[in-house]
Amino acid sequence: MLVTEDLALLDDLLRLCAAAGAEPEVHHTVPERRASWADPPLVLVGDDVAASCRAAARRPGVLLVGREPDDPGVWQRAVRIGAEDVLTLPDDEARLVDLLADAVEGVGRQAPTVGVIGGRGGAGASSLACALALAAVRAGQRTLLVDGDPLGGGLDVLLGAERAEGHRWPDFAASKGRVAGAALEESLPEAHGLRVLSWDRGDPVHVPPEAMRSVLAAARRRGGIVVVDLPRRIDDTVTEALAQLDLGLLIVPGELRAVAAAQRTAGAVGTVLRDLRAVVRGPYAPGLDEEWIADALRLPLVGDLPHDPDLSAAGDGGPPPGADARSPLARFCSAFWDRALTPERAA
C-alpha cells in the first residue's frame, strides 16, 4: 500500500513497485476500512502525510518514505506513526525495490546452499552435486541444482535433461540487481523433481560476478535447498558464488597427488569460504585413509564416500548419479542431508 498526496513521490513509488513486480493499492490518507490498512504486507507512507497517519493502528511493515535525508524531524515522525524504518529517495531506491520484492515473494528462511568442488580434475564433484540434489528431492525439499562450471559439459546432460525446455546460463548473463526467485525457478528446466540451471551447447558465455550474485540470491530466497557445482579455478565469478555458500564440500580421491592438488584448491577456496569440509573417496593408496587425508588438508571430515560405479559412469546415458536410492552414493547423500537439515527441522 502507498499512502501519499505528493504526486511526484507517488510516481517514483509506482515506478519502483513496477520494478519489483508489486501491484500497490494507493491512498492519499489512511483508509477508513481497518482491513485495508492491516492486510498489505508492506505500507509505504509518504513523509508529506505522516502527520495525518498518527491515529492509524500500529502494525508491522510500515515504512516512512521521504526525500530530505538531513531533516532532523523525520525520525520523530516515523516513531509517531510506528514506522519500522525511514527510506530516502533516490538514495534508498535499490533497498526499497528489494523490500517490495520480498513482500511480493513472501520471503522466509533462505535456502541452505552447498557447493561441491573437486580436489583435482575428475574427482567426481559434478556427480556428487547431482546426487546431493536428488537426495534432497527425496527428502521432500524444493531443490535447485546450479552448474557453476562452464567447461564441465553441463549438469543437464548428467541428468538426461539436455533437451528439456527452459533457460540456461546465457539467458542470465546480463542479469543485474534483483532477480525474482519465483520467475527464476519457473524458467528453468525440470528433471527428476528438481530444477537445474546449466549451460547450453553453444560457445562459452562469460557470466559476470553481478549475474552470479543476482541468480544465486534469487535461488536462496525461494527456500528449500540449493546445490552448486563449482570449478577448481577461482575467478571473480566463482568467488562470488563461494561468497553465497553456507558450506563447501571438497571431494578428494585417496591419492597423494590428489591430496597435493586439493591443498592448493582448499587454500584458494578458504580465502572466501569459511566453512569448507572434506569428502574423501577411495580406493586409497597404501598408508592413506580418510582421516589422514582430512588431517593433511586441515579440514573437517564429512565422511568416506564409498566406492560407487555412479561416480565413474556418470554421463554415459544411464540414470543420473545417485538416482538409485539404494546405491552407496545415494545413501551417503541422504545421510548428509539428515545431519545438515536436523537444526532446520527442529526450528
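In the hairpin of β8 and β9, two residues lie between the strands, and His 192 takes a positive phi near 55 degrees. Helices (H or I, at least four residues) and strands (E, at least two) are DSSP runs, numbered from the N terminus. This is a predicted model: local features need pLDDT of at least 70, side-chain atom pairs count only at pLDDT 80 or more, and totals for chains, interfaces and linings use all residues. Residues are numbered from 1 along each chain as its sequence is written, and side-chain values use heavy atoms, with hydrogens and water left out.

## The hairpin and its sheet partners

His 192 sits in the loop between β8 and β9. His 192 is partly exposed, at a relative accessible area of 46%. The classes are buried (under 20% relative accessible area), exposed (over 50%) and partly exposed in between, with a 1.4 Å probe and protein chains only.

Two strands pair if DSSP finds at least two bridges between them. Strand β8 (residues 190-191) runs antiparallel to β9, with two bridges. Ala 191 is opposite Leu 194 in β9. Strand β9 (residues 194-197) also runs parallel to β7 (residues 143-147), through three bridges. There, Leu 144 faces Arg 195 of β9. Strands of a sheet pair through backbone hydrogen bonds, either parallel or antiparallel.

## Overall build

The protein has 14 helices and 13 strands. Its C-alpha trace spans about 80 × 40 × 35 Å along the principal axes. Of its 347 residues, 50% count as buried. Contact means heavy atoms within 4.5 Å. Among contacts with a separation of 6 or more, 69% are between residues 24 or more positions apart.

## The five-stranded sheet

An open sheet of five strands runs in the order β2-β1-β3-β4-β5, with parallel pairing. Its edge strands are β2 (26-27) and β5 (85-88), each pairing on one side only. Strand β1 (residues 2-3) and β2 share two bridges in the parallel sense. Leu 2 has Val 26 of β2 as its bridge partner.

Helix α4 (residues 93-105) lies across β3 (43-46), β4 (62-66) and β5, at about 125 degrees to β5. Axes here are lines fitted to C-alpha atoms, for helices over the stretch in contact; angles run from 0 to 180 degrees between N-to-C directions.

## Backbone exceptions

Two cis peptide bonds and two positive phi values are set out below.

| Feature | Angle | Place |
|---|---|---|
| Leu 89 and Pro 90, cis peptide bond | omega about 10 degrees | Pro 90: loop between β5 and α4 |
| Gly 282 and Pro 283, cis peptide bond | omega about 5 degrees | Pro 283: loop between β12 and α11 |
| His 192, positive phi | phi about 55 degrees | loop between β8 and β9 |
| Arg 298, positive phi | phi near 60 degrees | loop between α11 and β13 (301-305) |

Neither His 192 nor Arg 298 is a glycine. Arg 298 is exposed, with a relative accessible area of 77%.

## Nonpolar cores

A nonpolar core is a set of buried Ala, Val, Leu, Ile, Met, Phe, Trp, Tyr and Cys residues joined through side-chain atoms within 4.5 Å. The largest has 39 residues. Trp 169, Leu 184, Leu 250 and Leu 297 have the most contacts inside it. Elements giving two or more residues to this core include β7, β10 (225-230), β11 (247-253) and β12 (276-281). Helices α8 (209-221), α9 (236-244), α10 (256-270) and α11 (290-297) are also on that list. Helix α8 gives the most, with six residues.

Leu 250 shows how these parts meet. Leaving aside neighbours within four places in sequence, its contacts include Ile 117, Ala 262, Ala 266, Leu 276, Val 279 and Leu 297. Another core, of 35 residues, lies apart from the largest one. Among its members are Val 116, Ala 129, Ala 191 and Ile 251. In soluble globular proteins, nonpolar side chains tend to be buried together.

## Cysteines and aromatic rings

Why is there no bond between Cys 17 and Cys 53? The sulfur of Cys 17 is 16 Å from that of Cys 53, its closest cysteine sulfur, which is too far for a bond. A disulfide is a pair of cysteine sulfur atoms within 2.5 Å. The structure holds zero disulfides. Cys 17 is buried, at 1% relative accessible area. Cys 53 is buried too, at 1% relative accessibility.

The structure holds two aromatic pairs. One of them joins Phe 336 and Trp 337, edge-to-face, at 5.0 Å centre to centre and 70 degrees between the planes. Rings of Phe, Tyr and Trp (its six-membered ring) pair if their centres lie within 6.5 Å; planes under 30 degrees apart count as stacked, over 60 as edge-to-face and the rest as tilted. Phe 336 and Trp 337 are both buried.
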